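Welcome! Shall we learn to read a structure together, one feature at a time?

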Amino acid sequence: MKNPKITRKITQGMYVLTTQGGGCIVDAVARVGGSEHPLISVAVAKTNHSHKLLRENDRFALSVLGENADPEIIKVFGFNSSKDIDKCTQCQTVEVENVPIVKNSLGYMVCEKVDTIDTETHTLYIGRVIEADVFADQKPMTYAYYQEHKEELTKAKSEQGKTAWVCTVCGYVYYGDEVPDDYKCPLCGLGKEYFKKQS
Ligand SMILES: Cc1cc2nc3c(=O)[nH]c(=O)nc-3n(C[C@H](O)[C@H](O)[C@H](O)COP(=O)(O)O)c2cc1C
């Protein structure tokens, strides 16, 4: 492959995926159709705890992050696992249709799971929007914006003194002394050999 970084130019947003028990930051979201109750797909890495939660739960929600999103939300939901911490009490959330959603967001959509598609590293969860609301009519954060402002947006975490390892293909940052041998990037599914220490 000459340069897989071109995939970073695919325009995607930044969302907090939530379901009962936790959730995580996702960018791999697409709207399928445009009816009043559209279908939404979200790709979730099999290595994420959210994947297990979504297998068990019938509903999930996506809270849309704005460019002004609190970096703490990205830190809590994107760099921790719901199997270790209760993410929904560390950020302000409120329940809508029995699903937690993030208050400090531009709005949310609650989906009823209708289908799943299994791929090598991720499962595509497809849901029908059953409830949605807009909190603020502001600029949504794109994945490209996140990449451009990653340093500020992940500052809270890097300040804890851990080494940052950057996936050379998708830009995902793993924090820790070493990337574990069996680690798979939650975004692109590639292994340890694709991670470079951030200088
Ligand atoms: C900018 C960004 C985008 C991400 N996009 C996705 C995604 O689309 N799908 C996914 O499964 N994980 C994605 N992740 C990774 C998860 O948010 C992360 O691995 C999280 O800690 C998983 O938490 P969990 O174990 O509680 O599910 C993304 C993380 C970041 C920082």
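Below is a short dialogue about a predicted model.

Q: Let's start with a strand. Which way do the side chains of strand β10 point, and which of them are buried?

A: The general idea first: in a regular strand, side chains alternate between the two faces of the sheet. In β10, which spans residues 164-167, Trp165 and Cys167 point to one face and are buried. Ala164 and Val166 point to the other face and are not buried.

Q: Which strand does β10 form a hairpin with, and how many residues lie between them?

A: The partner is β11, with 5 residues between the two strands. Look at Gly171 in the turn, which has a positive phi of about 90°. β10 and β11 (residues 173-175) run antiparallel and are joined by 3 bridges. To find the pairing by eye, start at Ala164, which stands opposite Tyr175 in β11.

Q: How many bridges join β10 to strand β12?

A: There are 3 bridges to β12 (residues 195-197), and this pair also runs antiparallel. Here Cys167 stands opposite Phe195.

Q: Now a helix. Which residues of α1 are buried, and why are they on the same side?

A: Ser50, Leu53 and Leu54 are the buried residues of α1. They cover an arc of only 100° around the axis, so they lie on the same side of α1. Their cover includes β1 (15-19), β2, β4, β5 (59-64) and β9 (122-134).

Q: How do I read a nonpolar core? Which residues touch the most other members of the largest one?

A: In soluble globular proteins, nonpolar side chains tend to be buried together. The largest nonpolar core in this model has 36 residues, and those touching the most other members are Tyr15, Val16, Leu17, Ala61, Leu62, Leu65 and Ile73. Leaving aside residues up to four places away in sequence, Tyr15 touches Val26, Val29, Leu62, Ser63, Val64 and Leu65. Apart from the largest core lies another, of 8 residues; Cys167, Cys170, Cys185 and Tyr194 are among them.

Q: And the ligand: which residues come nearest?

A: Of the 20 residues around the ligand, the nearest are Asn48, Ser50, Gly78, Ser81 and Ser82. The elements giving two or more residues to this shell are β2 (22-26), β4 (39-45) and α1 (49-56). The largest share, 4 residues, comes from β2.

Q: How many residues of that shell are nonpolar, polar and charged?

A: The shell divides into 11 nonpolar, 8 polar and 1 charged. Try picking out Ser50 on your screen: this residue is among those nearest the ligand and is one of the buried residues of α1.

Technical notes
Residues are numbered from 1 along each chain as its sequence is written. This is a predicted model: local features need pLDDT of at least 70, side-chain atom pairs count only at pLDDT 80 or more; totals for chains, interfaces and linings use all residues. A residue is buried if 20 or more other C-beta atoms lie within 10 Å of its own, exposed if 12 or fewer, and partly exposed in between; C-beta atoms are placed from the backbone. Two strands pair if DSSP finds at least two bridges between them. A residue is near a molecule or strand if its C-beta atom, placed from the backbone, lies within 6 Å of it. Ala, Val, Leu, Ile, Met, Phe, Trp, Tyr, Cys and Pro count as nonpolar, Asp, Glu, Lys and Arg as charged, and the others, Gly among them, as polar. The arc is that of the directions from the helix axis to the C-beta atoms. Two residues are in contact if their C-beta atoms, placed from the backbone, lie within 7 Å. A nonpolar core is a set of buried Ala, Val, Leu, Ile, Met, Phe, Trp, Tyr and Cys residues joined through C-beta atoms within 7 Å.
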